[in-house]
Amino acid sequence: MTGASHSSVKRYRELARNPPTNGLERELLLDGPHLLFEAHQSGVAIESAAFEQDAFNEPAIRTLAEQLLADGADVFIVSRKTLESMSPVRSPSGAVGIARRRLSTMADALASVSALIVVAHDVQDPGNVGGIMRTAEAAGATAFVA
């Protein structure tokens, strides 16, 4: 685990500015140890992660970094200034990472014997879409269509 190279920092910056919008394979830029932990726990492939030195001193953060490293991710310990340049948010929370996830198709969702498709039509308040999505996931939905 070392400092991030210039090319790594550049890749994070580019992904923050221009997230990919096509294809089924997506790179996700995750900010915060909680998002990295949840993605790792759910089986999302983490390609790389950068941790601010102060955050890395916390045992839970160090354990997460060691797990990611053991799973083959590139792990960097960086300064606060470098982390700020890598993060997609104004005030990063100590860690940022790049994950790769394959998006499911509607055919994938319908292939399940117990498919549960939630459809949101003409929802006017964007906040309600988030609530519907969270409820659908908690109920085991296999797809969400808006």
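Is D122 buried or exposed? With a relative accessible area of 63%, D122 is exposed (buried means under 20% relative accessible area, exposed over 50%, and partly exposed in between, using a 1.4 Å probe and protein chains only). This residue sits in the loop between β5 (117-119) and α7 (126-138). Its phi is near 55°, a positive value in a residue other than glycine.

The structure is a predicted model, in which local features need pLDDT of at least 70 and side-chain atom pairs count only at pLDDT 80 or more, while totals for chains, interfaces and linings use all residues. Residues are numbered from 1 along each chain as its sequence is written, and side-chain values use heavy atoms, with hydrogens and water left out.

Now for the overall picture. The chain has seven helices and six strands (helices, H or I with at least four residues, and strands, E with at least two, are DSSP runs numbered from the N terminus). Reading from the N terminus, the order is α-β-α-β-α-α-β-α-β-α-β-α-β. Taken along the principal axes, the C-alpha atoms fill a box of roughly 45 × 30 × 25 Å. Of the 146 residues in the chain, 32% are buried. Among contacts between residues at least 6 apart in sequence, 73% join residues at least 24 apart (a contact means heavy atoms within 4.5 Å).

The outside of the chain can be put into numbers too. Its accessible surface comes to about 9,000 Å², and 52% of that belongs to carbon and sulfur atoms (areas come from the Shrake-Rupley method with a 1.4 Å probe; for residues, only the protein chains shown count as cover). As for charge, there are 13 positive and 17 negative charges, and their mean positions are 7 Å apart. Here Lys and Arg count as positive and Asp and Glu as negative, with His and the chain ends not counted; each charge is placed at NZ of Lys, CZ of Arg, CG of Asp or CD of Glu.

Helix α4 (residues 59-70) makes a handy worked example. Its twelve residues, at 1.5 Å a residue, should span 16 Å, and the end C-alpha atoms are indeed 16 Å apart (the expected span is 1.5 Å times one less than the number of residues). Buried in α4 are I61, L64, A65 and L68. Seen down the helix axis, the buried residues of α4 fall within an arc of 100°, so they line one face (the arc is that of the directions from the helix axis to the C-beta atoms). P59 and A70 are exposed on the other side of α4. The cover over the buried residues of α4 includes α2 (33-41), β2 (45-52), α3 (53-56) and β3 (74-78). Just after the helix, G72 takes a positive phi of about 100°.

Helix α2 can be read in a similar way. Its buried residues are P33, L36, A39 and H40. Those residues fall within an arc of 130° when seen down the axis of α2, so they line one face of the helix. Among the elements that cover them are β1 (25-31), β2, α4 and β4 (95-102). Just after α2, G43 has a positive phi of about 90°.

Finally, helix α1 (residues 6-17) holds R13, and K10 is found in α1 as well. R13 counts as partly exposed, at 35% relative accessibility, whereas K10 is exposed, with a relative accessible area of 55%.
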